[in-house]
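Me: I would like a close look at one part of this model, the largest pocket. Please place it in the fold as you go.

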Amino acid sequence: MAYKIGVIGDRDSVMPFKLFGFEVVYAISSKQVRDTIESMANNNFGVIFITEDASELAVETINRYKGEVTPAIILIPSHKGTKGIGLKEIQDNVERAVGQNIL
């Protein structure tokens, strides 16, 4: 079974992902971000990239999917730069997987 890859965020940050064939959704309000995550999760998306800015609008929804195998929700910086939230998530996941922070 092939999973789809989705990207959520503001237009300037996520538009380039269309070049890779990912499904891109522009979402700038809390409701749009939450609804898009739920829709993608229910429609066979294996990975959802979401900008750090957009992720702050749907923290509870993202936390609900952290324990699930799919979709993997990966935080990415926006075109304005990083807030460090995505890197912190990766470091926490690595530390949880191997028992220490090796990054």
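Which pattern does the chain follow, read along the sequence? And what lines the largest pocket?

Reply: This is a predicted model; local features need pLDDT of at least 70, side-chain atom pairs count only at pLDDT 80 or more, and totals for chains, interfaces and linings use all residues. Residues are numbered from 1 along each chain as its sequence is written, and side-chain values use heavy atoms, with hydrogens and water left out.

Read along the sequence, the pattern is β-α-β-α-β-α-α-β-α. That comes to five helices and four strands (DSSP runs numbered from the N terminus: H or I of at least four residues, E of at least two). Of the 103 residues, 31% count as buried, meaning under 20% relative accessible area with a 1.4 Å probe, protein chains only.

Now the pocket. On a 1 Å grid over the protein atoms alone, a pocket is an open set of points where a 1.4 Å probe fits, with protein on both sides within 12 Å along at least five of seven lines. The largest one holds about 470 Å³ of space, a volume filled by probe spheres set on the points, which are joined across faces, edges and corners.

Its lining has 20 residues, each with an atom within 4 Å of a point. I62, K66, I73, E89 and N93 lie nearest the centre. Three elements each supply at least two lining residues: α4 (59–65), β4 (72–76) and α5 (85–98). α5 gives the most, with seven.

By class, the lining has ten nonpolar, four polar and six charged residues. Nonpolar covers Ala, Val, Leu, Ile, Met, Phe, Trp, Tyr, Cys and Pro; charged covers Asp, Glu, Lys and Arg; the others, Gly among them, are polar.

Definitions and conventions
Buried < 20%, exposed > 50% of the residue type's maximum accessible area, 1.4 Å probe, protein only.
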